[in-house]
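Here's a quick tour of how one protein chain is put together. Have the viewer open while you read.

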Amino acid sequence: MLYPGFNVFEKSINEINSFVVFMASENDETFIVIDAKNGADVTSLGFNAVSLGDGKFKAALTHENACVMRKLFPFTSPVRGLGKPVSFGLGDRLGIATPGHIDLFQNHDVFPMFAQQSIRELTLTNRTYKDVLDAASFAVFREGFKKGFGADGDHLKTAEDVEYALSLGFTMITLDCSEHIKNNAVLDSTIPDHYKTRYLDEKITVGDYPIVFSQDELKECIAVYEQAIGFAKDIYFNFFEKKYDADFEVSIDETISVTTPLQHYFVARELLEAKVKFATIAPRFCGEFQKGIDYIGDIAQFEKEIKIHAEIARHFGYKLSIHSGSDKFSVFPIISRETKGNFHVKTAGTNWLEAMRVVAITDPSLYREIHKFALSVFDDAKKYYQVTTDLSKVPDITGLKDEELPNLFENNEVRQLIHITYGIILSSKKDNSFIYKDRLYKLWRQYEDEFRKALVKHIGKHLELLHI
Ligand code: ZN
């Protein structure tokens, strides 16, 4: 054995200058080991490390050491990748899913965003953007993944949050414009000339589709989207144009009304005419993209509309971004076909659900406890997520045998029950200690291989149906 005494992660062994740097674990702790050959001065690398004797040093997985690692080993730093034909967002709320994602993405020609979290998710899991980024970087180092990955500051709504994520090195920002979209607003004044010439006087076609605005439709576009477009412009010119090198996604999906192809065209053209460079737009598609379950709605209608949305994106030269993409199996082949294999899909909750499926398989009694707890806090959790869960359709688990518990994850009502309660499950405390969190993480450490396999299988099904 190369390094007796530790459990060495073989794929993490890297050499730099006169040092060998790798990751190892001992008991429940994972850390970086620096082997200074020929008595080289370890401080020259910059890690905050303690001596283990015999020329070896141990560095804890802190944010400071993550920053040093990213400098020394650039493959552990996120890079831009939204411009690639296919990119895929993997919201890992637990900070432990990346090894499983790497097993899968190692063999696929698709750019992964291993770090992707929204402010809502940060709040609900008590994590910070530093944690999110560091967890991805450490996993990439540990597993020796050198194909490149991205980091998405997801659904950011303020300039402060955007700047914070960018300053930490996030390589993608998803700007959530929803608070600036004025649904039901009306334009009382006449249509300004600069809009008239572009949208009423000009004959517009994208691909085979004529884009025809009536006066009223144009008035509505202006009234509903003008402020959101202004917001996106401000953010772009303040942060992206000169200051940070990152991909920009404009999200107009978190709103009550469906984005029509006309509205999509209007928003994209306004931004492009203002010289805003963005890689993706996330429209709100028809039907429902609820978290962690398949598409709900009229699939034929979805197909009809995404055809035009995809054509608009191709016309202007960016990609469609599909949010809440977890488990949308019935529409994945349509998305792949209509976008001609150019898209960004985001998933998040489904990774957490796979972690909970592992709990149901490996520790049925802990799962039962959490399931009952989730039922008791469901109404609270609903404040954060739009779901139509009917709790009366959740089977009574006291009547289920242990081996039947994993099948619960085939039931949409159970998926949503467990999906939206993640924050409360992970953060609830009794007598100052977590009720479930520590037990869960211990279990996931113990059954890491099962979790990895579950992710390869489940996220793999996403990739397969997206024809990746
Ligand atoms: Zn969204």
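How many salt bridges are there between domain 1 and domain 2? The count is one salt bridge. Keep in mind that this is a predicted model.

## The domains

The domain assignment splits the chain three ways: domain 1 covers 7–72, domain 2 covers 77–348 and domain 3 covers 351–461.

## Where domain 1 meets domain 2

Let's take the first pair. The C-alpha centres of domain 1 and domain 2 sit 38 Å apart, and the contact draws on 14 residues from domain 1 and 13 residues from domain 2. Between them, domain 1 and domain 2 bury about 1,300 Å², with 66% of that on carbon and sulfur atoms. On the domain 1 side, the residues that lose the most area to domain 2 are Lys 11, His 63 and Arg 70, which together make up 44% of what that side buries.

Arg 70 turns up again in a salt bridge: its partner is Asp 134, and the closest N and O atoms are 2.9 Å apart.

## A long-range salt bridge

Searching the whole structure turns up 33 salt bridges. One of them pairs Arg 445 with Asp 28, where the closest N and O atoms are 3.7 Å apart. This pair ties together distant parts of the chain, 417 residues apart. Arg 445 belongs to helix H15 (residues 437–446), while Asp 28 is in the loop between strand S3 (19–26) and strand S4 (29–36).

## Two helices that cross

Now for a helix pair. H12 (residues 364–381) packs against H13 (residues 412–420) at an angle of about 80°, and their axes are 8 Å apart. The two helices are therefore roughly perpendicular to each other.

Which residues meet here? H12 brings Tyr 367, His 371, Ala 374, Leu 375, Phe 378 and Ala 381, and H13 answers with Val 414, Gln 416, Leu 417, Ile 418 and Ile 420. Sorted by class, this contact has nine nonpolar residues, two polar ones and no charged ones.

How values were computed
Residues are numbered from 1 along each chain as its sequence is written. This is a predicted model: local features need pLDDT of at least 70, side-chain atom pairs count only at pLDDT 80 or more; totals for chains, interfaces and linings use all residues. Side-chain values use heavy atoms; hydrogens and water are left out. Axes are lines fitted to C-alpha atoms, for helices over the stretch in contact, and angles run from 0 to 180 degrees between N-to-C directions. Helices (H or I, at least four residues) and strands (E, at least two) are DSSP runs, numbered from the N terminus. Angles under 35 degrees count as roughly parallel, over 145 as roughly antiparallel, 65 to 115 as roughly perpendicular and the rest as oblique. Contact means heavy atoms within 4.5 Å. Ala, Val, Leu, Ile, Met, Phe, Trp, Tyr, Cys and Pro count as nonpolar, Asp, Glu, Lys and Arg as charged, and the others, Gly among them, as polar. Domain bounds come from an automatic or database domain assignment. Buried area is the accessible area (1.4 Å probe) that two parts lose on being put together, summed over both. A salt bridge is a side-chain nitrogen of Lys or Arg within 4 Å of a carboxyl oxygen of Asp or Glu.
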